[in-house]
Amino acid sequence: MAVQHDDLLDARGLPCPLPLLKAKQALSRLSPGQTLEVMATDAGSWGDFETFIAHSIHEMPAREERGDVLHYWIRKGEEPSP
């Protein structure tokens with residue numbers, strides 16, 4: 001299931017919590033509605049990204065495992081107006 005992405009982050013080989021931290025940095029450079037694809041090999045990232053999405057304004061329309069590589073698609077949410 002390939003979701004169209006606006007930016008790609010290759011976090012393969014990075015230990016926890018670096019895939020999530022680098023994803024947060026990459027999301028900060030995107031506009032609301034744009035999608036970031038993250039590729040990671042750290043098994044702990046599966047739960048890290050799930051928890052992050054549950055407590056953020058962002059959405060994860062898809063995630064999948066392809067061999068030993070985990071793929072996450074994160075759509076940047078829009079900050080609420082003050």
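The following paragraphs describe the fold of this predicted model, from the chain as a whole to its sheet and its salt bridges.

The protein chain comprises 2 helices and 4 strands. Followed along the sequence, these elements give the pattern β-α-β-α-β-β. The radius of gyration is 12 Å, close to the 12 Å that the globule rule gives for 82 residues, so the protein chain is as compact as a globular protein of that length. Measured out along the principal axes, the C-alpha trace spans about 40 × 25 × 20 Å. Of the 82 residues, 38% count as buried. The contacts can be described by sequence separation: among those between residues at least 6 apart in sequence, 64% join residues at least 24 apart.

The strands are best considered next. They form an open sheet of 4 strands in the order S1-S2-S4-S3, and the pairing is mixed. Strands S1 and S3 (59-66) are the edge strands, each pairing on one side only. On average, neighbouring strands of this sheet are turned by 15 degrees against each other, direction ignored. As a general matter, strands of a sheet pair through backbone hydrogen bonds, in either a parallel or an antiparallel manner.

One pairing may be examined in detail. Strand S1, residues 7-11, and strand S2, residues 35-40, run parallel and are joined by 5 bridges. Within this pairing, Asp10 stands opposite Met39 in S2. Between the two strands the chain passes through helix H1 (residues 18-28), and the resulting β-α-β crossover from S1 to S2 is right-handed.

The side chains add a further set of links, for the structure holds 4 salt bridges. One of them joins Arg63 to Glu50, with the closest N and O atoms 3.7 Å apart. Arg63 belongs to strand S3 and Glu50 to helix H2 (residues 45-54), so this pair ties together parts that are 13 residues apart in sequence. How accessible are the two partners? Arg63 counts as partly exposed because its relative accessibility is 26%. Glu50, at 43% relative accessibility, likewise counts as partly exposed.

Strand S3 also takes part in a link to strand S4. Here the side chains of Glu59 and Arg75 meet in a salt bridge, at 3.2 Å from N to O. The pair connects distant parts of the chain, since Glu59 lies in strand S3 and Arg75 in strand S4 (residues 69-75), 16 residues apart. Glu59 has a relative accessibility of 45% and therefore counts as partly exposed. Arg75, at 28% relative accessibility, is also partly exposed.

A further salt bridge is formed by Arg66 and Glu64, whose closest N and O atoms are 2.4 Å apart. The accessibility of these two residues falls in separate classes. Arg66 is partly exposed, with a relative accessible area of 38%. Glu64, by contrast, is buried because its relative accessible area of 16% is under 20%.

Taken together, the elements build an open sheet of 4 strands in mixed pairing, in which S1 and S2 are parallel and linked through helix H1 by a right-handed crossover. Salt bridges then connect strand S3 with helix H2 through Arg63 and Glu50, and strand S3 with strand S4 through Glu59 and Arg75.

Conventions:
Residues numbered from 1 in each chain as written. Predicted model: local features only at pLDDT ≥ 70, side-chain atom pairs only at ≥ 80, totals over all residues. Heavy atoms only, no water. Pairing = 2+ DSSP bridges. Right-handed = clockwise from strand over helix to strand, strands pointing away. Axes fitted to C-alpha atoms, helices over the stretch in contact; angles between N-to-C directions. Buried < 20%, exposed > 50% of the residue type's maximum accessible area, 1.4 Å probe, protein only. Rg over C-alpha atoms; globule rule 2.2 N^0.38 Å. Contact = heavy atoms within 4.5 Å.
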